[in-house]
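Hi there,

Here is the structure I said I would pass on to you. Have a look at it first, and then read on for what turned up.

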Amino acid sequence: MGIFVCSLLVGLKRVFFKREDRTLFKLSSSSTGEKKRRVMLIGAEDEEKWLAEGIAGIQHNAFYMHQALDSNNLREALKYSAQMLSELRTSKLSPHKYYELYMRAFDELRKLELFFKDDSKHGVSVVDLYELVQHAGNILPRLYLLCTVGSVYIKSKEASAKEVLKDLVEMCRGVQHPIRGLFLRSYLAQISRDKLPDIGSEYEGDVYTVMDAVEFVLQNFTEMNKLWVRMQHQGPGGVREKQEKERSELQDLVGKNLHVLSQIEGVDLEMYKETVLSRVLEQVVNCKDDLAQYYLMDCIIQVFPDEYHLQTLETLLGACPQFQPTVDIKTVLTRLMDRLSNYAASSADVLPEFLQVEAFTKLSNAIGKVIEAQVDMPAVGAITLYVSLLTFTLRVHPDRLDYVDQVLGACVKKFSNIPKLEDSRATKQVVALLSAPLEKYNDIVTALTLSNYPRVMDHLDNGTNKVMAMVIIQSIMKNNTCISTADKVEVLFELIKGLIKDMDGADVDELDEEDFKDEQNSVARLIHMLHNDEPEEMLKIIYTVRKHTMAGGPKRLPFTVPSLVFSALRLVRRLQGQEGDIVGEEVRTTPKKIFQLLTEIIEALSAVPSPELALRLYLQCAEAANDCDLEHVAYEFFTQAFVLYEEEIADSKAQVTAIHLIIGTLQRMNVFGVENRDTLTHKATGVLMLASPLIIVLY
């Protein structure tokens with residue numbers, strides 16, 4: 001009587017909830033968004049009720065099943081286990097809630113399996129038991145029981161594992177509801193994974209053992225993927241986001257099949273290449289579902305050995321252009337290249353394999369085809385792929401600069417219709433692309449040999465171009481890199497031109513003063529890193545720097561000219577004692593020639609105007625001329641200093657500082673004859689007398 005009342009109550013609850021289902025459906029299709037939100041809240045509450053009801057049903061029937069097991073009553077055990085498993089027939093629960101219900105039933109099935117193993121308790125052979133459970137009324141409980149008995153059947157070895165597994169995987173086709181079917185096949189995969197006829201397994205057959213195991217897992221994988229993909233077509237079309245979330249919750253059920261495949265000992269490289277990969281990729285491509293294609297490709301990359309990926313690279317990459325345009329293929333390929341890079345880094349012995357299979361060429365071609373096939377791929381996606389390819393190249397083939405330049409060239413080709421990148425995410429990736437060679441080689445000189453390096457930088461907006469230029473300078477300073485030829489200096493200054501002159505379209509008024517000072521001070525420090533022991537080449541470097549810095553405009557010259565002047569003066573001091581005049585273009589480097597160049601450079605600075613700085617530099621040059629015993633040159637520098645003092649410096653405090661500098665420098669000079677010294681001394685004395693009132697006032 002108690003059982004009858006409980007069954008009646010459960011039946012009434014089911015009728016009630018079915019009616020409530022219909023009511024909710026009418027509400028959801030009726031009208032406004034407010035009603036829809038209310039229905040969703042009610043639906044979430046009802047789902048908890050349905051889950052609680054299902055768990056209660058499982059617990060209720062499991063209680064009586066345990067009593068039957070304890071009394072060795074097979075008939076009652078099958079009856080209540082079938083009723084318990086009937087709770088899994090629900091269609092009302094989301095995957096997450098259904099999983100909770102499934103795990104309750106799964107725990108009970110483990111106990112039932114232990115009972116089936118001991119035929120002394122139920123007195124029925126496993127063969128008869130396998131037939132007996134197929135008389136269950138509903139197909140879902142029938143198949144769960146069949147899989148459970150099938151596990152015992154294989155362990156008994158009264159039938160080959162191949163035949164039982166083939167029967168089970170075929171029978172499971174009877175459940176075509178996506179969620180119920182996925183969990184049923186997941187149960188089949190779970191109870192069979194340690195019973196596959198693999199090499200070395202106790203269930204190993206005589207011939208084709210491994211192939212039988214592979215065929216079973218592949219068939220189960222194929223059917224599960226079909227069910228999983230079919231979920232997107234369930235329910236109304238306006239809930240796609242919810243469907244995608246639910247499908248994501250179930251993806252691991254499908255992916256576990258690939259993990260089982262990777263664990264089969266008998267799946268060697270040959271079998272993987274000829275059978276496993278081709279069958280899996282066929283299913284991935286043909287399902288035409290973006291979520292499935294992305295997830296399954298990621299699974300393939302993660303679960304199978306790196307060596308297999310390297311040897312089947314062409315096949316694996318050949319599938320990528322056939323994917324749906326919405327597939328995030330850049331992430332898939334990035335992870336593949338990361339795996340291969342780590343594999344290459346694991347041992348030097350594997351590097352010849354990469355050359356043998358032409359890994360770089362295949363990856364480069366595949367990326368090009370993917371970008372060509374996905375015409376709507378944004379620039380950031382394409383650049384991300386090239387960043388990954390460049391990272392792979394630098395790790396696997398660091399000595400192949402032609403490969404590095406090829407990647408940069410492919411990037412330039414992609415930008416052919418984009419004068420300047422405006423997407424901030426894309427420019428960030430370009431900075432990563434250009435920074436990679438600097439970080440790998442720790443030597444800007446290597447990057448300067450890449451012909452496509454500056455061409456990539458040309459596509460950056462002005463702000464990002466400056467950022468990249470600062471990265472280059474910081475790399476040089478960090479690694480104490482010396483740029484030793486004029487040609488390399490020319491390329492370098494083309495790369496950092498965003499810092500040394502105003503670019504087209506740049507808004508000068510928006511420059512941050514502090515940032516500008518930091519940039520120009522960095523350029524000034526860079527000039528000191530340009531050096532060559534050969535005077536002729538060093539002079540060429542100075543001329544090259546002068547050409548670029550003179551185009552910087554009045555705001556930049558006060559920062560860059562002093563560094564250039566002192567760099568030239570260092571060369572002068574190395575050449576002390578040399579004489580000679582400038583005759584023609586190809587002449588021996590002499591101090592006189594350098595002093596003539598310095599005069600032109602400082603004249604440009606005094607015209608900015610920045611007379612105080614120009615005066616100091618003239619005096620520095622005069623001291624250098626003194627050390628070289630060039631009286632006439634030193635006299636000319638002093639003359640220019642006096643001109644600046646008299647004509648350009650108007651501030652009284654600056655005038656006092658200037659006359660102190662002039663007098664102090666004049667005192668240290670020993671190159672002048674009597675006439676020139678008297679002239680300069682009288683000039684300084686006259687200036688000092690005129691400045692005396694100012695000095696008294698100031699001091």
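Let me start with Lys195, which counts as buried, at 3% relative accessibility. Please keep in mind that this is a predicted model. The side chain of Lys195 meets that of Asp194 in a salt bridge, with 2.9 Å from N to O. Asp194 counts as partly exposed, because its relative accessibility is 48% and the class runs between 20% and 50%.

How many salt bridges does a search of the whole structure find? There are 26 of them, and a few are worth a visit on your screen.

One joins the side chains of Lys49 and Asp46, at 3.9 Å from N to O. Both residues sit in helix H2, which covers residues 33-70. Lys49 and Asp46 are 3 residues apart there, so about one helical turn separates them. Which of the two partners is buried? That is Asp46, with a relative accessible area of 1%, while Lys49 counts as partly exposed at 44%.

Another salt bridge links Asp402 with Arg400, where the closest N and O atoms are 2.7 Å apart. Here Asp402 is partly exposed, at 41% relative accessibility, and Arg400 is partly exposed too, with a relative accessible area of 29%. Elsewhere, Glu170, Arg173 and Glu223 are joined into one network by salt bridges that share partners.

Now for the spaces inside. The count comes to 2 cavities of 30 Å³ or more.

The largest cavity holds about 60 Å³ of space. Which residues line the largest cavity? They are Ser186, Ala189, Gln190, Arg193, Lys256 and Val260. Helix H9 (178-192) and helix H11 (240-263) each supply at least two residues of this lining, and H9 gives the most, with 3 residues. By class, the lining of the largest cavity is made up of 2 nonpolar, 2 polar and 2 charged residues.

The second largest cavity has about 40 Å³ of space. Its lining consists of Ala189, Ser192, Arg193, Leu196, Phe216, Val217, Asn220, Asn257 and Val260. H9, helix H10 (209-230) and H11 are the elements that give two or more residues to this lining. Here the largest share, 3 residues, comes from H10. Sorted by class, the lining of the second largest cavity has 5 nonpolar, 3 polar and 1 charged residues. If you compare the two lists, you will find Ala189, Arg193 and Val260 in both.

Last stop: helix H3, at residues 74-86. H3 has 13 residues and reaches 18 Å from its first C-alpha to its last, close to the 18 Å expected at 1.5 Å a residue. What caps the N-terminal end of H3? Asn73 does, with a side-chain oxygen 3.3 Å from the backbone nitrogen of Arg75. The buried residues of H3 are Leu74, Ala77, Leu78, Tyr80, Ser81, Ala82, Met84 and Leu85.

If you want a place to begin, try Asn73 and the N-terminal end of H3, then move on to Arg193, which takes part in the lining of the largest cavity and of the second largest one.

Enjoy exploring, and write back whenever you like.

Best wishes

Definitions and conventions: Residues are numbered from 1 along each chain as its sequence is written. This is a predicted model: local features need pLDDT of at least 70, side-chain atom pairs count only at pLDDT 80 or more; totals for chains, interfaces and linings use all residues. Side-chain values use heavy atoms; hydrogens and water are left out. A salt bridge is a side-chain nitrogen of Lys or Arg within 4 Å of a carboxyl oxygen of Asp or Glu. Helices (H or I, at least four residues) and strands (E, at least two) are DSSP runs, numbered from the N terminus. Buried means under 20% relative accessible area, exposed over 50%, partly exposed in between (1.4 Å probe, protein chains only). On a 1 Å grid over the protein atoms alone, a cavity is a set of points where a 1.4 Å probe fits but cannot get out, and a pocket is an open set with protein on both sides within 12 Å along at least five of seven lines; lining residues have an atom within 4 Å of a point. Grid points are joined across faces, edges and corners, and a volume is the space filled by probe spheres set on the points. Ala, Val, Leu, Ile, Met, Phe, Trp, Tyr, Cys and Pro count as nonpolar, Asp, Glu, Lys and Arg as charged, and the others, Gly among them, as polar. The expected span of a helix is 1.5 Å times one less than its number of residues. A polar contact is a pair of N or O atoms within 3.5 Å; within protein, one must be able to donate a hydrogen and the other to accept it, and residues adjacent in sequence count only if both atoms are side-chain atoms.
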